[in-house]
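Biologist: Could you walk me through this model, one question at a time? I would like each answer to come with its reasoning.

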Amino acid sequence: MTTTTEQTSAERLFHRFLRHVLSDPAEPIDTNLWATDVVIEVPFAPGGMRRIEGRDRFLALAEEGRRALPVRLEEVRDVVVHRSVDPDVVIGEYELAGTLTATGQPASARFISVLTAGNGQIVHWREYQDTLAMLAVLGSQPA
């Protein structure tokens with residue numbers, strides 16, 4: 001059996017996404033990361049959009065969300081990337097950590113994302129969030 005440490009295109013895109021998450025919200029979103037017809041799914045999103053189709057629509061919502069986020073994201077921790085049998089698909093586990101801007105309190109939440117790459121861009125992103133942690137950070141209670 002041959003093993004390789006060379007990253008697939010999907011793995012490189014996943015790590016590029018994580019670097020972007022920590023970028024300054026005042027900086028523009030990396031539009032080249034996302035395919036024009038990208039599909040974003042967040043099946044367990046509390047009270048929000050669970051499916052977004054198209055880069056322009058996604059980027060508009062993402063820009064708005066980045067500006068409104070009450071957390072300054074400072075670290076991505078415990079990153080694990082799992083390869084799938086399809087070289088264009090990876091599953092990533094990670095924890096985002098930061099500081100609540102209003103109180104200075106630390107906050108974090110775990111995520112699992114399934115990324116599908118195509119032509120050097122993300123064509124499909126499915127994200128599973130620790131919704132209870134996110135609701136706690138945002139000061140909301142689950143329904």
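**Charges, strands and a helix**

Modeller: Let's begin with a side chain. R110 counts as partly exposed because its relative accessibility is 32%; buried means under 20% relative accessible area, exposed over 50%, and partly exposed in between, with a 1.4 Å probe and protein chains only.

Biologist: Thanks! Before we go on, what is the mean pLDDT of the chain?

Modeller: This is a predicted model, in which local features need pLDDT of at least 70 and side-chain atom pairs count only at pLDDT 80 or more, while totals for chains, interfaces and linings use all residues. Residues are numbered from 1 along each chain as its sequence is written, and side-chain values use heavy atoms, with hydrogens and water left out. pLDDT is the predictor's confidence in each residue, from 0 to 100. In this chain 90% of the residues reach 70 or more, and the mean is 85.

Biologist: Which element has the lowest mean pLDDT?

Modeller: Helices (H or I, at least four residues) and strands (E, at least two) are DSSP runs numbered from the N terminus. Strand 1 has the highest mean pLDDT, at 96. Where pLDDT is low, the predicted coordinates should not be read in detail. The lowest value, a mean of 70, belongs to residues 131-138, which form helix 3.

Biologist: Back to the charges, then. What residue forms a salt bridge with R110?

Modeller: A salt bridge here is a side-chain nitrogen of Lys or Arg within 4 Å of a carboxyl oxygen of Asp or Glu, and by this rule the count comes to 10. For R110, the closest N and O atoms of the pair are 3.8 Å apart, and the partner is E95. The two are 15 residues apart in sequence, with R110 in strand 5 (residues 106-118) and E95 in strand 4, so the salt bridge ties those parts together. At 11% relative accessibility, the buried partner is E95.

Biologist: Which residues are linked with E95 and R110 in a network of salt bridges?

Modeller: Side chains of opposite charge can pair when their charged atoms come close. Here the network takes in E95 and R110 together with E75, R77 and D78.

Biologist: What residue forms a salt bridge with R51?

Modeller: The closest N and O atoms of this pair are 3.0 Å apart, and the partner of R51 is E41. The pair links distant parts of the chain, 10 residues apart, with R51 in strand 2 and E41 in strand 1. R51 is partly exposed because its relative accessibility is 43%. The 17% relative accessible area makes a buried residue of E41.

Biologist: In strand 6, what residue does E41 stand opposite?

Modeller: Two strands pair if DSSP finds at least two bridges between them. Strand 1 and strand 6 run parallel and are joined by 4 bridges. In strand 6, the residue opposite E41 is R126.

Biologist: How far apart in space are V38 and V123?

Modeller: V38 lies in strand 1 and counts as buried because its relative accessibility is 0%. Contact means heavy atoms within 4.5 Å, and, leaving out residues up to four places away in sequence, V38 touches I52, E53, G54, R55, I122, V123 and H124. V38 and V123 are 85 residues apart in sequence, yet their C-alpha to C-alpha distance is 4.5 Å.

Biologist: How many bridges pair strand 3 with strand 4?

Modeller: A hairpin joins strand 3 to strand 4 through 5 residues. One bridge sets V71 against L100 in strand 4. Strand 3 (residues 71-83) and strand 4 (residues 89-100) pair in the antiparallel sense, and the number of bridges is 10.

Biologist: Within what arc do the buried residues of helix 2 fall?

Modeller: Helix 2 (residues 55-68) has 14 residues and reaches 20 Å from its first C-alpha to its last, close to the expected 20 Å, which is 1.5 Å times one less than its number of residues. R55, F58, L59, A62 and R66 are its buried residues. Seen down the helix axis, they line one face because the arc they fall within, taken from the directions from the axis to the C-beta atoms, is 95 degrees.

Biologist: And which exposed residues are on the face of helix 2 turned away from its buried side?

Modeller: On the buried side, the cover includes helix 1 (9-21), strand 1 (34-41), strand 2 (51-53) and strand 6 (121-129). The face turned away carries the exposed residues D56, E64, R67 and A68.
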